[in-house]
Amino acid sequence: MILDYKKLDDLSRYKVMSASVVPRPIAWIVTEDEGILNAAPFSYFIPLSSNPATIVVSIGVKEDDTPKDTLANILKTKKATICFANENNLEKLKLTATSLDKNESEIEKYEIEVKKILDDFPPMISSSKSALFCTFHSRLSLGGDTTPLILEIQQQFVCDECIDEKNHINLDNIGRVGVSFAKIVKI
Ligand SMILES: Cc1cc2nc3c(=O)[nH]c(=O)nc-3n(C[C@H](O)[C@H](O)[C@H](O)COP(=O)(O)O)c2cc1C
C-alpha cells in the first residue's frame, strides 16, 4: 500500500508518521520565565550533530494558536533544560502534557521535585537520571504551525551510577511509539 501524504489529513499523517518513525526519544523540557517554571514533553526530538552538539525539537501552538509556553520561553530566555524520562516518572511526565495557562507552573501544580544544578539554567527534574543544559541556536521555518528549534547542548548532568570512567552511559530512558510509551532495551 502506498500512503500519499498529500491526501492524508493532519491527524492521519500524525498517526502514520508517529507509529512508523519509532521509537522517538522524549525531551522533557523545563523552562523558566519570570520565576514561573514550565515543564512539558516533546517527542518530535532528535540529535542533529555532535559538533556542534545540537538537537532539534519541534514545538507547536496551543488551541488558541498562540505558541506553546515552552516555545515562547525558549525564544525569550534562550535557555532550556532537557530531562530524560524513565518508567518511574512517566505518570508525572504525562501530567505535564496538560496545557496550562502561561502563568501556571506544571512543576508546582503537579508537585514535581526539581533540583538546581547550574546557576544559569532552569533546574532539572530530580527523578531524571540525565539532563541536557541547552542554549537556543536557531529556528527553522517549515511554513506550518510547528517551529523546529535547534538547541546547542552546553553541559550535561548524568547520575554517577549511569556513567563509567570511559564515558559509557547507561540510561533507562523511555521513548514514544505512536501514542504509547516504550522502554528502550538493548538487543
Ligand atoms: C510524549 C509526548 C510527546 C509530545 N510531543 C510533542 C511535540 O513533539 N511537539 C509538540 O508541540 N507537542 C508535543 N506534545 C504535547 C505537549 O507536551 C503539550 O502540548 C504541552 O501542553 C505543551 O506545554 P507548554 O505549553 O507548557 O509548552 C507531546 C505530548 C506528549 C505526552
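I take buried to mean under 20% relative accessible area. The model I am reading is a predicted one.

**Helix 2**

I looked up helix 2, residues 69-77, and listed its buried residues: Asp69, Thr70, Leu71, Asn73 and Ile74. I then asked which strands these buried residues pack against. Strand 2 (27-33), strand 3 (36-42) and strand 5 (53-59) are on the list, and so are strand 6 (79-83), strand 9 (130-139) and strand 10 (147-158). I noted Lys78 after the end of helix 2, with a positive phi near 65°.

**The whole protein**

I went back to the overall count and found four helices and 12 strands. The radius of gyration is 17 Å, and the globule rule gives 16 Å for 187 residues; the two are close, so I put the protein down as being as compact as a globular protein of that length. The C-alpha trace spans about 50 × 45 × 35 Å along the principal axes.

I noted that 40% of the 187 residues count as buried. Among contacts with a separation of 6 or more, 59% are between residues 24 or more positions apart. The exposed area is about 11100 Å², and carbon and sulfur atoms supply 52% of it. I have 22 positive and 27 negative side chains on record, with the centres of the two sets 6 Å apart.

**Cysteines**

How many disulfides does the rule give? I got one disulfide. Cys159 and Cys162 form it, with their sulfur atoms 2.2 Å apart. The torsion about their S-S bond is about 50°, so I entered the disulfide as right-handed. Cys159 has 11% relative accessibility and therefore counts as buried. Cys162, at 7%, is buried by that cut-off too.

Cys83 is in no disulfide, and the nearest cysteine sulfur to its own is that of Cys134, 10.0 Å away. I found Cys83 buried, at 0% relative accessibility. Cys134 is likewise in no disulfide; its nearest cysteine sulfur belongs to Cys83. Cys134 has a relative accessible area of 1%, so I counted Cys134 as buried.

**Helix 1 and a distance**

I placed Ala19 in helix 1, residues 10-20. Is Ala19 buried, exposed or partly exposed? With a relative accessible area of 46%, Ala19 is partly exposed. I also looked up the separation of Ala19 and Ile55: they are 36 residues apart along the chain, and their C-alpha atoms are separated by 21 Å.

**Backbone exceptions**

I kept one general point in mind here: most residues other than glycine have a negative phi, and most peptide bonds are trans.

Where are the cis bonds I noted? One runs from Val22 to Pro23, with omega near -15°. I located Pro23 in the loop between helix 1 and strand 1 (24-25). Another cis peptide bond joins Asn51 and Pro52, with omega about 0°. Pro52 is in the loop between strand 4 (45-50) and strand 5.

I then turned to positive phi values. Asp65, a residue other than glycine, has phi near 70°. I found Asp65 in the loop between strand 5 and helix 2. Its relative accessible area is 59%, so Asp65 is exposed. Glu111 also has a positive phi, near 50°. The loop that holds Glu111 runs between helix 4 (106-109) and strand 7 (114-115). At 67% relative accessibility, I counted Glu111 as exposed.

Conventions:
Residues numbered from 1 in each chain as written. Predicted model: local features only at pLDDT ≥ 70, side-chain atom pairs only at ≥ 80, totals over all residues. Heavy atoms only, no water. Helix = DSSP H or I, 4+ residues; strand = E, 2+ residues; numbered from the N terminus. Rg over C-alpha atoms; globule rule 2.2 N^0.38 Å. Buried < 20%, exposed > 50% of the residue type's maximum accessible area, 1.4 Å probe, protein only. Contact = heavy atoms within 4.5 Å. Areas by Shrake-Rupley, 256 points an atom, 1.4 Å probe, with all protein chains shown as cover. Lys, Arg positive; Asp, Glu negative; His and termini not counted. Charge placed at Lys NZ, Arg CZ, Asp CG, Glu CD. Disulfide = S-S within 2.5 Å.
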